[in-house]
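Biologist: I am new to this structure and would like to understand how its parts fit together. May we go through it step by step?

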Amino acid sequence: MILVTGATGTTGGATVQALADAGVEARALVRDPSKFTAPAGIEVVTGSFDDAASLDAALDGVSHAYLVLPASPEQVELETAFVDAAVRAGVEHLVLLSVIGADDEGSEALRFGRAHRAAEKAVRESGLQWTFLRPNGFLQNYLGQAASISGQGVFYSALTAGAAVSHVDARDIGEVAAKALSEPGHAGQAYALTGPEALTDDDIAARLSAVLGRTVEHVTIPPEAQREAMLGMGIPEWTVDGLGELYAFYETGIAGGVAPDIERVLGRPARSVDDFAADHRAAFGA
C-alpha cells in the first residue's frame, strides 16, 4: 500500500491524482476529509503529524509513503515524527518533497532550505530507502493572483527583470512522485525538478498575454510592500519572512538552472509556462 500525505495540498493532491490516473491504489492522509474528494481507487484516512497514534494507523500495511509538509517553524519536528512512525510501521521506501539546492551548503542561508536540509538528514539516518524530490518554485503559485489577472490584467511581485526562475508545474512533481512510489529504480535518487526554461515575471506576463489573447502585465512592487500585503492576507510572519529570503535568493539568478530529471523520469519534457497557462485559461479569465 502507498500512503500520500498532504493530499489536500498542491503536490500531495497532484501525486494522488497521478496515482489514480495510473490505476494505482493508494491511501491519502488528510486532516479534514470534508475538504478532500478522493479519485477512484484512493482510500482516505484521517490523521495529523502531531498525533502519533493517527500516523501509526495511517501507516499500517504501508510499504511506500510520500511525505510533504508546509513550511513552518515546526516542519522538521513534524516530518521527523512521521519518519519515526514510518520506521515503526516497517515502511520500505519514503519519497520526501524537499527543495532545489537542499544538498548545497548555501541553502543554510534560507530558513526553508535549512528545514528541508534537516529533513533530508533525518530520512537518510532513519535507515529507510528514500527518494528526494527537489523542485524549484511552483507555477501554481501564480494561481494565487488569478483574480487580479482575470479582473485587472495584472499581477504583482517584488521580483525584478533580473530574477529568472525555472518554475515547475506541480503536476509534474506529482507524476514523478507517483513513479517513485509505484515503480522500482528510484531508491537513493535525488531529483532536481524544474521547468524547461528560466523566465522572469515580465516573461511570464508576456506568455500569459499570448495564451489568453489579452494583455497581462507584471508590476514590480517594493519588497516591503509585498511583505505588508502578505501579512495583511493572514500569512504567518515566519512564512512571510521566509518568502522574503526566497525572493532575494531568486534575485541572484541562481534559481534559473534547468534540470533534465523530469524528462528522464517521465519520458517527456517538463510542462512549460505556456502549457500551464493554457490549462488554466478559465482561472485566468481567458
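Modeller: One definition is needed beforehand: two strands count as paired if DSSP finds at least two bridges between them. Please bear in mind that this is a predicted model.

Biologist: Which strand is joined to β5 by five bridges?
Modeller: Pairing requires at least two bridges. Five bridges are found here, and the two strands run parallel. In this pairing, Leu-97 stands opposite Leu-133. The partner of β5, spanning residues 129-135, is β6.

Biologist: Which helix forms a β-α-β unit with β5 and β6?
Modeller: The unit is right-handed. Its helix covers residues 111-126 and is α4.

Biologist: How many bridges join β4 to β5?
Modeller: Strand β4 comprises residues 64-67 and runs parallel to β5, with Leu-67 opposite Leu-96. The chain passes from β4 through helix α3 to β5 in a right-handed crossover. The number of bridges between β4 and β5 is four.

Biologist: How many residues of β5 are buried?
Modeller: Buried means under 20% relative accessible area. On one side of β5, His-93, Val-95 and Leu-97 are buried, and on the other Leu-94 and Leu-96 are buried as well. The count of buried residues in β5 is therefore five of five.

Biologist: Which helix supplies the largest share of the largest nonpolar core?
Modeller: This core has 31 residues, and Val-176 is one of the four that touch the most other members. Several elements, including β5 and α10, each supply at least two residues. The largest share, six residues, comes from α6.

Technical notes:
Residues numbered from 1 in each chain as written. Predicted model: local features only at pLDDT ≥ 70, side-chain atom pairs only at ≥ 80, totals over all residues. Heavy atoms only, no water. Core = buried A, V, L, I, M, F, W, Y, C linked by side-chain atoms within 4.5 Å. Buried < 20%, exposed > 50% of the residue type's maximum accessible area, 1.4 Å probe, protein only. Right-handed = clockwise from strand over helix to strand, strands pointing away.
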